[in-house]
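Me: Could you take a close look at one part of this model for me, the place where the two chains meet? I'd like the charged pairs covered as well.

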Amino acid sequence: MGLLIGNNKGNMTTSALTQGLERIPDQLGYLVISEDGVLASAGELENDEHTAGVIMQMVRTACRFRQQGAAEPPFKRMSVMLEDYVYTVTVSGQKVFVVKRQNNKREPVMV
Amino acid sequence: MVIEDVVIVCECDTYVVPQDPDVYKPLIPHPNPDSKPLNSTEWSSASVPSARTDEQALLTSILFKTALNIIDVSAADSQGMEQHEYMDKARQYSTKLALLSNSLSQKKPLPLPSLTSQPHQVLASDLVPYSDVQQVSKIAAYAYSAISQIKVDAKEELVVQFAIP
C-alpha cells in the first residue's frame, strides 16, 4: 500500500482510486476531483486547487458536446496539450481524474 | 424594383422564448375580468381583428397583440384601489412568489456523465501523437486564415432614392 502525499482522507476508497494513477509511467502528478472538491492530489498537482477548478470547468463544458442527437458525450478522455506536458482527464463514477504526463514530442523510433 | 418584404423593427421590444409556457399566465387571477386596460375605444368592439385586406389584417393583429401586452400606466380610467384591496393583492403576490422561488432554488447543477468505467486504463493509454497535433494545428490555422478573409462584396447601394415624377 503506497503512501499518499497530499490531502488523502485515509479511506480505502480514495487509495483504491489513486493506486492506478500512481502507476502510470511518466506521470508527473494527479488530481481526483468530486463535486465537493479535491479528493486526492499528488506530485506537481499536489494541493493545486486552481488547476482543479479550471479543469472542472473545461470538463463541464466538454461534457455538453453531443454528436447529432446522441445521448452520451462523444469522448472518453480529454487531453489538454501544453508545450512540455499534457493533462489527461476523464470522468468516472461522478469523479474527475486528472493526470499530468510528460509530453514527448518525438516520434517513436521504429527499431 | 419590387419590394418583397417590409420588416419593421421596434427597438423597445425584446422577445425571450420562455421555457415554461405558463410564464405569461398572470400570477393571481384578475379580480374584475370586465375592466379594460386601455382607454381607446377602438378596442372595445374589436375582439378579433376584422378581415380587411391581408396587410391591414396583419397590421391590426400585431397592434392588437401589442396592446394586450402593454401595461398603460397613463390610462385615464384606471381603477382606484382601496388600501385594503392593495394590501390584499400585495400579500397574494408575495405568497405566490415565495411558493415559486422555493421550487426554483431546488434546481441543482447537471451531474457529470460518466465517460468510462476504466479511468486508469483510459488515462494511461498512449497520448495523442505529436504529428496529429501538428496536423490539427495546421488545419486550424488555415481555417482561421480563411475566415479572416471573408468580406462583404457590396454590389449596389443599400439605400436608393425613388424618382417620383
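Reply: Here's a walk through the interface, followed by the salt bridges.

Keep in mind that this is a predicted model. Chain A brings 33 residues to the contact, and chain B brings 20 residues. Putting the two together buries about 2,300 Å², and carbon and sulfur atoms give 65% of that area. As for what crosses the boundary, there are 11 residue pairs in polar contact between chain A and chain B, both partners being at pLDDT 80 or more. Salt bridges are another story: the rule finds 0 of them across this interface.

On the chain A side, several elements take part. Helix H1 (12-22) and helix H2 (49-62) of chain A each supply at least two residues to the side that touches chain B, and so do strand E3 (78-81), strand E4 (85-92) and strand E5 (95-102) of chain A. The largest share comes from E4(A), with 6 residues. Sort the chain A side by residue type and you get 16 nonpolar, 9 polar and 8 charged.

Now for the salt bridges. The whole structure has 5 over all chains, and three of them are worth going through here.

Start with Glu35(A) and Arg60(A), whose side chains pair up at 2.9 Å, N to O. This one ties together distant parts of the chain, 25 residues apart: Glu35(A) sits in the loop between strand E1 (27-34) and strand E2 (37-43) of chain A, while Arg60(A) belongs to helix H2 of chain A. Glu35(A) is partly exposed, at 37% relative accessible area, and Arg60(A) also counts as partly exposed, at 31%.

Next come Lys100(A) and Glu44(A), with a salt bridge at 2.7 Å, N to O. Here the partners are 56 residues apart, with Lys100(A) in strand E5 of chain A and Glu44(A) in the loop between E2 and H2 of chain A. Their surroundings contrast: Lys100(A) has 7% relative accessibility, so it counts as buried, whereas Glu44(A) is partly exposed at 46%.

Over in chain B, the side chains of Lys155(B) and Asp153(B) form a salt bridge at 3.5 Å, N to O. Lys155(B) is exposed, with a relative accessibility of 72%, and Asp153(B) is exposed too, at 57%.

To pull it together: the interface has polar contacts for 11 residue pairs and 0 salt bridges across it, while the pairs described above join Glu35(A) to Arg60(A), Lys100(A) to Glu44(A) and Lys155(B) to Asp153(B).

Notes
Residues numbered from 1 in each chain as written. Chains lettered and ligands numbered in written order. Predicted model: local features only at pLDDT ≥ 70, side-chain atom pairs only at ≥ 80, totals over all residues. Heavy atoms only, no water. Contact = heavy atoms within 4.5 Å. Buried area = accessible area lost by both parts, 1.4 Å probe. Salt bridge = Lys/Arg side-chain N within 4 Å of Asp/Glu carboxyl O. Polar contact = N/O pair within 3.5 Å; in protein donor to acceptor, adjacent residues only side chain to side chain. Helix = DSSP H or I, 4+ residues; strand = E, 2+ residues; numbered from the N terminus. Nonpolar A, V, L, I, M, F, W, Y, C, P; charged D, E, K, R; others polar. Buried < 20%, exposed > 50% of the residue type's maximum accessible area, 1.4 Å probe, protein only.
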